[in-house]
Amino acid sequence: MSASPPPTPPQWHWRSALAGLLIGAIVVSAGLFVVRQPAAQPIAIHPAPTPTPVEEPTATPTPTPSPTLSEIVVFVSGAVNAPGNYHLPPDARVGDALDAAGGFTTDAQTNAVNLAAALHDGEHIHFPVKDEPTSTPTPTGTPTATPTPTDGGGGSVPGQINLNTATQAELETLPGIGEVKAAAIIANRPYTSVDDLDRVPRIGPATIANLRPYVTVE
């Protein structure tokens, strides 16, 4: 006969029961944890925002300034001592062109052209000789003073301009006198006679001869 196994000690039974209870409790807790987990929220996919178009500022066109001439070129022909092209300041008058061309010749019509007229770049100024028809277009105008012969001394004639007291604006009305020459006349005062104008820069004998009927000295 075979021998029977020894009987199991009593403490093994309660240990086995305790282990079973622990395992059951763990299983139940795990089941409750799973049941109580909140349902996962669905992931919402939002479309990307449409960018707002940015309006570019409209550039305001800047007006292009007109170029300022530093000098003008004119052509002088006719009864002058040195016809040709001459470079003059932009504010030059016909009298300036006459001075640059050496003044009138002896056979010139000295009153045929307005010496006080303003010049323009590229202009042709023709001084006719005596008995020459003056139908050729030339700068024209009416002098502000009435030409009256005078000896250039101290006696004044109505309408004449006193070189020692005239304003810049009054001097600029004289034939052949622009802004620059008028300022030079004022700067070289006083004068004892019209002939004293020969000490003024850029005023030569031809200009003095043209000015003599319009000016006086007091």
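Begin by selecting residues 72–78 and 84–88, which are strands E1 and E2 of this predicted model. A hairpin connects E1 to E2, and five residues make up the link. The two strands run antiparallel to each other, and five bridges pair them. To see one point of this pairing, display the side chains of Val74 and Tyr86: Val74 stands opposite Tyr86, which belongs to E2.

Keep E1 in view and add residues 124–127, which form strand E3. Here the pairing with E1 is parallel and extends over four bridges. Select Phe75 next, and His124 of E3 will be found opposite Phe75. Strand E1 thus has an antiparallel partner in E2 and a parallel partner in E3.

Move now to helix H1, which spans residues 10–36, and select Leu22 within it. Is Leu22 buried or exposed? Its relative accessible area is 52%, so Leu22 is exposed, the cut-off for that class being over 50%. Add Leu18 and Leu21 to the selection and switch on the surface: together with Leu22 they form a nonpolar patch, whose combined accessible area is about 310 Å².

The last stop is helix H3, residues 168–171, where Ala169 is located. Ala169 counts as exposed because its relative accessibility is 52%. From Ala169, draw a distance to Glu179, C-alpha to C-alpha: the separation in space is 8.3 Å, while the two residues are 10 residues apart in sequence.

How values were computed
Residues are numbered from 1 along each chain as its sequence is written. This is a predicted model: local features need pLDDT of at least 70, side-chain atom pairs count only at pLDDT 80 or more; totals for chains, interfaces and linings use all residues. Side-chain values use heavy atoms; hydrogens and water are left out. Buried means under 20% relative accessible area, exposed over 50%, partly exposed in between (1.4 Å probe, protein chains only). Patches are made of residues with over 30% relative accessible area and no salt bridge: like charges are joined within 9 Å, nonpolar side chains (Val, Leu, Ile, Met, Phe, Trp, Tyr) within 5 Å. Accessible areas come from the Shrake-Rupley method with a 1.4 Å probe; for residues, only the protein chains shown count as cover. A salt bridge is a side-chain nitrogen of Lys or Arg within 4 Å of a carboxyl oxygen of Asp or Glu. Two strands pair if DSSP finds at least two bridges between them.
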